[in-house]
Amino acid sequence: MTVTDIPDVPDIARMRRETGQKLRDAMARHGVDALVLIGNSKVSYATGVSWPLGDSGLAHVDRPVAVVLAGDPEPHLFMPFREGAGPGPELAAGHLHDPVYLEYDEGAELFAAQLAGLVPSGAVIAVDELTGAMRRLQHRLFPGGLVDAGRIVSAAKAVKTADEVACMRRALRITEEAIADVERAVAPGVRQVDLSGRFVRRAFELGATANVLDPIWQVMPPSRAEGVWTIHGDLALPLLTTERELVRGDVLWVDVSVSWGGYCSDFGRTWVVGQDPSPRQRAQFRRWTEITDAVHAVTRAGATGAELTKAAIEAHGDGTRPWVKHFYLGHGLGVDAAEMPFVGTDLGDQFDQSLVLEAGNILVLEPVVWEDGTGGYRAEEVMLITDDGYIMLSDYPYTPYGD
Amino acid sequence: MATEVRPDDRALRLGRRERALAQMKAHDLDVLVLGRTANVRYVTGAPTIWTAGTSSFGPACMLVRSTGSIHLLSTWDEGIPEDIPRENLFGLTWNPMNTIEVLRRVEGTAAARRVGTDAMSPAFAQVLPAAFPAAELVDGELAMRAARRIKTAEELAVLRQAVEVAETSLAKAVAELRPGVTEKELAGVLLEAAAAGGATIPADQDAAVVTSREHPWRRAGGDGRAAPGDLVAFTAGVVAHGYIAEAGRTHAVGGAVPAALAARCDRVWDRLLAACRPGAPASDLLDAYTGIGETLPPMPAARGLGLGFDPPVVTGGLPRTAAEERIEAGMVLALTGYVWEAGTGAVFRRDSVLVTDNGPELLTTAPVG
């Protein structure tokens, strides 16, 4: 994929055709005849349908369900209606169904009857998750046993199509334009919740489908020791937003994410409230830049995760890993705000060595630099992996630390 | 909302935990392993980072009935109540066996006979038995649902606060309704107002819908712009202290909702409210529509509110469940009135209602358009 392959306006019908093919290819590799998907993002991936996601608690009862058959290019969708979440792209005749309520025994029974009409007997069915009612009815729903659909969907969605990238780029542009408005509003006396409100309003005005993360405006502590206690002694991140008022000199680690057409953006920056960064603080940013430059230099299809972590650690200078212990150097992005590939997790170096980047992967690079007394530096860059390197999808300055 | 991250008040969290432990006993569960955010909050009182939509099942909290001990997935102690000691916190991991190892070492897991989980994935179905070698793994959501369905006095107090924020944000959005405004702009106003009120977490982000004149429940489509005469349905769903409050109203662009359609909605709504009596079958809420010849709406006619969805969920899609379910004092319901007329559009109304021994108490007070 090159920049010119990414359309300005994604073709949703083509996207669904192509992602559907990937999904069915992955099903074939796993010997699976049908997928039953109940997780919101997996349904979105399998059907191309997006809706403004709600709170997880309500989402359990109001959830769309997808059924993908090996021999049918069109997915089946069981779609609930809340206030306006009508199906997006038109589905083929007979493929859009009334909602099913899988939290209830009656709902699981009704679904089992419908599923039996769609899936040939003896079919191998994979499912991503089971509600209690589905567990009680497991032998009727999945008479051929239980296969994990999570791995099949993960494998299919790791490499993006040009239309998927276009959706993500759109989500990123909305995020960045909204965040520019928020950055101008950052000042002593402003509350964290006011930044959240401003961001979400602007993102919706610009066309976001949904906000997918309670926005983070974390005020960093003067030192690791004075920060919130953690199980590993490293920094706590992300800490929740409150009505706390910002004060001059606060260093904020910002993290927000919205979706467009079912695909997520990711954005991270470090800001200083009401004043310019000091020379020591700028040095943190320079170190962060050296780390990302070093990682960029080795990033391309065929590189292993371990090559990236090695480059980051060497550029960090002190032999330690420049990211917080409970996260990673980088993660994928798509219908989920963090998905495969994960680079630098607690799965360890052996896993990173076995992880080979592919053209079409998305990698969100988010190294962290920390020195007591500076508030550190953290930012995120969304990259599309290509055969000879990467395409930077993020487009936002590193103000007030640099351009 | 405060200026620092705090756990839920002691009386709130202990009252809930007591109900959860009682239901563990009633359902004969030795251990509960919870992954759903609402259940984790219910048992622990600890707020967690919000992400939209469902998340995949994984153990985030474990409650052992014999000791009352709680182990919680949290890398830090901010917002963690003092009754969950630091040594009971465990971290995020990409290797599920690390979590299994944490659970396995907890007192009471080795001998547990029945372990409930609030959902299950094929992947965890493989590895969870290693933490509970002697146990049968069963559905734990039924026990949690039974605990959650009746609200404690402390829960009602925070629910009322959530309703207040929902109504304030609804009013702000309604005030912006004018020809040419888009659904998204209205949603932006509503969500910003909720955040300013301390509720940065939306229960629902589909905040404004131009209802269709052609289809009984699809949105009007097109560019989402409100035109004169359109009926626009507003929904404020906010999460405050973890609790969901909902309020919904319909307003006409540049005028009043046609009286005949409004009257139809009122008639349904009066019957919905009247059905909220202790002891009544939940199917009375469906009868509120069908009994006067109105079509059942595409969404549930009623749904319990609390930390997420709660029983009952009353929909035409679950007729047997509705007939078997009884309304009880202490339930909080979101009632939905919805009627549609070809060529005009839909009138939608949603209210949060508390069922008391003396009948329904309306928690929402927003004017009807």
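Start by selecting β7 (210-211) and strand β10 (residues 258-260) of chain A in this predicted model. The two strands run antiparallel and are joined by two bridges. To see one pairing, pick A:N211, whose bridge partner in β10(A) is A:V258.

Next, add β11 (263-264) of chain A. With it you have an open sheet of three strands, ordered β7-β10-β11 and paired antiparallel. Look at the edges, where β7 and β11 of chain A stand. Each has a single partner strand, so one side of each is left without a neighbour in the sheet.

Now select helix α8 (residues 162-185) of chain A, which packs on this sheet. Helix α8 touches β10 and β11 of chain A, and its direction makes about 135 degrees with that of β10(A).

Move to helix α9 (residues 192-205) of chain A. Its end C-alpha atoms are 20 Å apart, which agrees with the 20 Å that 14 residues should span at 1.5 Å a residue. The helix is mostly covered, with 14 of its 14 residues buried. Just after α9(A), select A:G207, which takes a positive phi of about 105 degrees.

Finally, show chain B. Here 72 residues of chain A are in contact with 77 residues of chain B. The elements of chain A that each supply at least two residues to this side include α2 (40-47), α4 (105-118), α9 and β7. Which element gives the most to the side of chain A that touches chain B? It is α9(A), with nine residues. Coloured by class, this side of chain A has 30 nonpolar, 23 polar and 19 charged residues.

Methods: Residues are numbered from 1 along each chain as its sequence is written. Chains are lettered from A and ligands numbered from 1 in the order in which they are written. This is a predicted model: local features need pLDDT of at least 70, side-chain atom pairs count only at pLDDT 80 or more; totals for chains, interfaces and linings use all residues. Helices (H or I, at least four residues) and strands (E, at least two) are DSSP runs, numbered from the N terminus. The expected span of a helix is 1.5 Å times one less than its number of residues. A residue is buried if 20 or more other C-beta atoms lie within 10 Å of its own, exposed if 12 or fewer, and partly exposed in between; C-beta atoms are placed from the backbone. Two residues are in contact if their C-beta atoms, placed from the backbone, lie within 7 Å. Ala, Val, Leu, Ile, Met, Phe, Trp, Tyr, Cys and Pro count as nonpolar, Asp, Glu, Lys and Arg as charged, and the others, Gly among them, as polar. Two strands pair if DSSP finds at least two bridges between them. Axes are lines fitted to C-alpha atoms, for helices over the stretch in contact, and angles run from 0 to 180 degrees between N-to-C directions.
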